[in-house]
Each structure stands twice: as C-alpha cells, then as structure tokens.
Amino acid sequence: MFNSFKKSFIFFSFLIMLGLITVWGESVEWKRSSALKNQAEDDSQSYDEESYFQIVSFYRVKDEKPVLHLDAKELSMNSASGKSLFTEPRGVGFTNSGEPIQYEARKGFLFRQENQIIFENEVKFNMETSTLTADKTTYFMDKDEIISNGNVKTTSVSVDGQSKEDIQVWSNSAITWPSKDKSRYEGDVRGLIKRKRVYEENIRFKAQQVDVDMVTLQIDLLEKVHLEKQQLKADSHRGEIFLENYNKKLKYFVLYDDVKVVEKVKLEKDGRVSSFERRAFGEKLEGMMSESKIILTGYPKVFQQNDVITGNKIVLRENNEVVEVDDANTNFILR
C-alpha cells in the first residue's frame, strides 16, 4: 500500500514538474518508460530542458473528452520550448464531434502551445469514409483540420443506396476537414471514380483544384479541367460531378466555360467495324451516365466527318453517329 502511494506521488510530481497538467490541461501515461540524461557540457541544465523516454503512451483530454491518444517507440521532450519529437508514432485523434481518426507515421513533432502535430514519412490517416497518405501532414487538433503535402493520395468510398464507388485522388497538397467529411486538393490533381460493378463506367478527371464533399456527394473541379470516360475526352475551365446521380436520369457531370470534346466513335455494321473522331465545342456540357449521352449548350458546334452541325442544343450519344439538334425553331436528327 505504501509502495503504491509512493509510486503515484512520484508519478504526478513528475508531470507537474514538466508543466503538462497545468499548462496543457491533459493527462499523460508513460508505459515501461525510462528517462535518460542527455550528455552535454552541463548535464544538469540539459536534463532540466530535455527528457528522453522509450515505449511511450500519451493521452490528451480536454473538458473530460478524449482529444488524442498517441503511442510511440521513442519520445524526446523539451520542457522549455514545449516541443516533443516522436518516433514510430501511431494512435487515434478525435474530432470535436468525437469521431475517431487513426494515424501512423515514421516520425512526429508535437507542439503543445499550438495544439498541432506534424507527421512525416509514410504518413497514413484512416477516417470515417476515407484513407489519406502523404509525405507530411500537420494535424490541427483544435480546428479539426489536416494539411498534407507531398505525394498526397486519398481513397474515399461513397455509398448511395445499393451503389458504391471508390474515389481516388492524387495531388501535391490537400486540406482535409474530418468532421465535415470534406477535402480540398491543389496542384496537379488527378482523380479516378471507380465503380464497384465491373460493367459500369469509370471516370477519370484532372484539375488544378478539386473539392470533394462526401456528405453532399459532390466533386467540384477548377482550372484546366479534364475529364475522360471510355472514348470521350473533354476539357473546360470548371466542372462538377454528382456522385449520387450515376443511375438516375439526371446530370452526372457538368462542364462549364470553353468546353472542348473529342470522342472516338466506333460503329459496327454488317460485321464490319469503322470509326471516326467527333469533335464538339460549347459553353456547357451535361453528361447523363444512365442514358450514355451528353448535352451541349451555349452556341454548340459539332464537327463530324464532313459535317459541321450547329444549334441551340445538341445531344450526342455514345458510339452513335446520330446527332440530335434543337435550333429553337425545329428539332431534327442527323445521321
């Protein structure tokens, strides 16, 4: 009994000495840890500022709610600067709404006063609907914000009724808000929307900035937008993808501003296969996945073999030479 009391007294005295409880308002546990004195010209002064531990479990609690649980192979703590260095960190962070975020990395830096942790080398975050990997991330605990840099990749899963799809995004940098289930990607952004059913089409896209909202199931694309689906390629300045509309008679993707379309049309007739390239232009494009068609508006123009087709609205169907034209006065079909 006396030994137990003595150990508890020493433990809490050590925490108070480091200033963790009074300054940061958190609880900390060291498992099988050993403090080693740093070697320097002035050993006593160095020991006061720098502390070294092995096999560490670290907890942060705020307002009786868990904020962070971190396990590490090694910990070097500077009590003067409030900066701590971890090796092999892994654990769980919690958003303001209590949602868990699992993470791991090769190295990490904890800044107590700024309420942030920097993870480096083979960083991986597992969130509710997505997984994020990067060379470096900064996790702002008080803002529910993760900033990632270098070889950023996320894989998210959307579920709309019985339909499922994986959304993979690569970029130079990204900002993620876990509690909002939103992300913004910047710099050479590339993406792939992969359907679970083999017979359903995948969509590839590129842009300089991409916003993904897994709550509204919408993807916004900005600047140098490029989209591909099977034999169709389209470019524009701005675009939107509505993930929940894949099997509905609604627009699944929309492109705006200086839209350019290139499609390779393959036709089979009497056992013979022929193909030609169709080019189209307009100010707006709407893609209907369920009906395999695209609608061009805003002074649309189509170049198909030897024909130049114009109208107020032009409808193109996949692998079909038929062009539906609405010129406001008459509706007609060209073959």
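Here a visitor asks a guide how the labels on this predicted model are earned.

Visitor: What makes up the protein chain in terms of helices and strands?

Guide: Three helices and 22 strands. The chain has 335 residues, and 44% of them count as buried.

Visitor: How do you know that strand 1 and strand 2 count as a pair?

Guide: Two strands pair if DSSP finds at least two bridges between them. Strand 1 (residues 50-62) and strand 2 (residues 65-78) have twelve bridges, in the antiparallel sense, so they pass. For one of those bridges, look at Phe58, whose partner in strand 2 is Leu70.

Visitor: And what sits in the turn between strand 1 and strand 2?

Guide: The two strands form a hairpin with two residues between them, and Asp63 in that turn has a positive phi of about 55 degrees.

Visitor: Which strands besides strand 1 does strand 2 pair with?

Guide: Strand 4 (residues 90-94) is one of them, antiparallel to strand 2 and joined to it by four bridges; Leu68 has Gly93 as its bridge partner there. Strand 3 (residues 83-87) is another, also antiparallel, with five bridges, and there Ser76 is partnered by Leu85. At least two bridges are needed, so four bridges with strand 4 and five with strand 3 both qualify. Strand 2 and strand 3 make a hairpin too, with four residues between the strands, and Gly82 takes a positive phi near 75 degrees in it.

Visitor: Why is the contact of Tyr103 and Phe119 called a tilted aromatic pair?

Guide: A search of the whole structure finds seven aromatic pairs. In this one the ring centres are 4.9 Å apart and the planes make 40 degrees. Ring centres have to lie within 6.5 Å, and a plane angle that is neither under 30 nor over 60 degrees counts as tilted. So 4.9 Å makes Tyr103 and Phe119 a pair, and 40 degrees makes the pair tilted. The pair links distant parts of the chain: Tyr103 is in strand 5 (residues 100-104) and Phe119 in strand 7 (residues 116-126), 16 residues apart.

Visitor: How do you know whether Tyr103 and Phe119 are buried or exposed?

Guide: Buried means under 20% relative accessible area. Tyr103 has 3%, so Tyr103 is buried, and Phe119 has 0%, so Phe119 is buried as well.

Visitor: Then why is the pair of Phe119 and Phe125 called edge-to-face?

Guide: The planes of Phe119 and Phe125 are 75 degrees apart, with 5.7 Å centre to centre. Over 60 degrees counts as edge-to-face, so 75 degrees earns the name. Phe125 is at 1% relative accessibility, so Phe125 counts as buried. Tyr103, Phe119, Phe125 and Tyr139 form one aromatic cluster.

Visitor: What makes you say that Lys143 lies over the face of Phe140?

Guide: Lys143 is 4.6 Å from the ring centre of Phe140 and lies over its face. The distance limit for a charge over a ring is 6 Å, so 4.6 Å fits. Arg238 lies over the face of Tyr256, at 4.2 Å from the ring centre, so that distance fits too.

Visitor: Which residues touch the most other members of the largest nonpolar core?

Guide: Phe125, Ile193, Val210, Ile219, Ile241 and Tyr252, out of 63 residues in that core. Strand 2 gives the largest share of this core, six residues. Leaving aside residues up to four places away in sequence, Ile241 touches residues including Ile193, Phe205, Ile219, Tyr252 and Phe253. In soluble globular proteins, nonpolar side chains tend to be buried together.

Visitor: How do you know that Ile294 is buried?

Guide: Its relative accessible area is 5% and the cut-off is under 20%, so Ile294 is buried. Ile294 is found in strand 17 (residues 293-297). Beyond residues up to four places away in sequence, Ile294 touches residues including Leu232, Val261, Leu285 and Ile314. Ile294 and Ile314 are 20 residues apart in sequence, with 8.4 Å from C-alpha to C-alpha.

Visitor: Why is Glu114 called partly exposed?

Guide: Glu114 has a relative accessible area of 42%. Under 20% is buried and over 50% is exposed, so 42% falls in between and Glu114 is partly exposed. Glu114 is found in the loop between strand 6 (107-111) and strand 7. Its C-alpha atom is separated by 8.2 Å from that of Phe140, 26 residues apart along the chain.

Terms used:
Residues numbered from 1 in each chain as written. Predicted model: local features only at pLDDT ≥ 70, side-chain atom pairs only at ≥ 80, totals over all residues. Heavy atoms only, no water. Buried < 20%, exposed > 50% of the residue type's maximum accessible area, 1.4 Å probe, protein only. Phe/Tyr/Trp six-rings, centres within 6.5 Å; stacked < 30°, edge-to-face > 60°. Lys NZ or Arg CZ within 6 Å of the ring centre and 35° of its normal. Core = buried A, V, L, I, M, F, W, Y, C linked by side-chain atoms within 4.5 Å. Contact = heavy atoms within 4.5 Å.
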